[in-house]
Amino acid sequence: MNSDTPYEDSVSIMVLENIKNKLLHAFRTSAEPRTSAETAVHPVGKSLQVNEELRRAKIDGAITWLRSELLEMRSQDRQLAQTLLGLNKEIQRLRRENGSLLLDADSTEHL
């Protein structure tokens, strides 16, 4: 289809990875992951770990949603571009026909 597609894919992947990293950084808690002995003594640590995993799952879900939205937008963009190219081609054809009709009319008037 388009020679820029692999480039666009790599750029999209880089953008999404950047967003993912920023989201992970934004939602990262200041607490370090605790060992199993610490979580047995401190159930709050286990709760923080579960919350961190839930946040990561939500982030992964959001990234998946963004990826699907970007792919849909790319598809719509390509369809729109094809439609516009088709319309441009039709306009050029009509202009050529109109121009040849005008030339035919001019040549018949001079006879």
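A salt bridge here means a side-chain nitrogen of Lys or Arg within 4 Å of a carboxyl oxygen of Asp or Glu. Keep that in mind for the close-ups below, which all come from a predicted model.

**View 1. The whole chain is a run of three helices.** Before zooming in, here's the layout: the protein chain has three helices and zero strands, and reading from the N terminus its elements go α-α-α. Helix 3 covers residues 43–109, while helix 2 takes in residues 36–41. Of the chain's 111 residues, just 8% count as buried. About 9300 Å² of the protein chain is exposed, with carbon and sulfur atoms supplying 60% of that area.

**View 2. Confidence depends on which helix you're looking at.** Averaged over the protein chain, pLDDT comes to 79, and 75% of the residues score at least 70. Where is confidence lowest, and where is it highest? Helix 2 sits at the bottom with a mean of 50, and helix 3 is at the top with 88. The residues picked out in the salt-bridge views that follow belong to helix 3.

**View 3. Glu52 pairs up with Arg55.** The structure holds four salt bridges, and this is one of them: Arg55 bridges to Glu52, with the closest N and O atoms 3.5 Å apart. That separation falls within the 4 Å cut-off, so the pair qualifies. Both residues lie in helix 3, three residues apart, which is about one turn of the helix. Is Glu52 buried or exposed? Glu52 counts as buried because its relative accessibility is 13%, and the cut-off for buried is under 20%. Arg55, at 25% relative accessible area, is partly exposed.

**View 4. Glu52 has a second partner, Arg56.** Shift along helix 3 and you'll find Arg56 in a salt bridge with Glu52 as well, the closest N and O atoms being 3.0 Å apart. These two are four residues apart in helix 3, again about one turn of the helix. Arg56 is partly exposed, with a relative accessible area of 36%. Put the pieces together and Glu52, Arg55 and Arg56 make up a network of salt bridges.

**View 5. Glu90 and Arg93 form another bridge in helix 3.** What separates the closest N and O atoms of Glu90 and Arg93? The gap in this salt bridge is 2.3 Å. Glu90 and Arg93 are three residues apart, about one turn of helix 3. Both ends are partly exposed: Glu90 has a relative accessible area of 33%, and Arg93 has 31%.

**View 6. Arg74 is tucked away against residues from early in the chain.** Arg74 belongs to helix 3. Leaving aside residues up to four places away in sequence, Arg74 touches Glu8, Asp9 and Ser12. Why does Arg74 count as buried? Its relative accessible area is 16%, and anything under 20% is classed as buried.

**View 7. A nonpolar patch shows at the surface.** Which residues make the nonpolar surface patch? Leu80, Leu84, Leu87 and Ile91 build it together, and the patch comes to about 370 Å². Look at Leu84 in particular, which is found in helix 3. With 49% relative accessibility, Leu84 counts as partly exposed, because exposed starts at over 50%.

Definitions and conventions:
Residues numbered from 1 in each chain as written. Predicted model: local features only at pLDDT ≥ 70, side-chain atom pairs only at ≥ 80, totals over all residues. Heavy atoms only, no water. Patch = residues over 30% accessible without salt bridge, like charges linked within 9 Å, V, L, I, M, F, W, Y side chains within 5 Å. Areas by Shrake-Rupley, 256 points an atom, 1.4 Å probe, with all protein chains shown as cover. Buried < 20%, exposed > 50% of the residue type's maximum accessible area, 1.4 Å probe, protein only. Contact = heavy atoms within 4.5 Å. pLDDT = per-residue confidence, 0-100.
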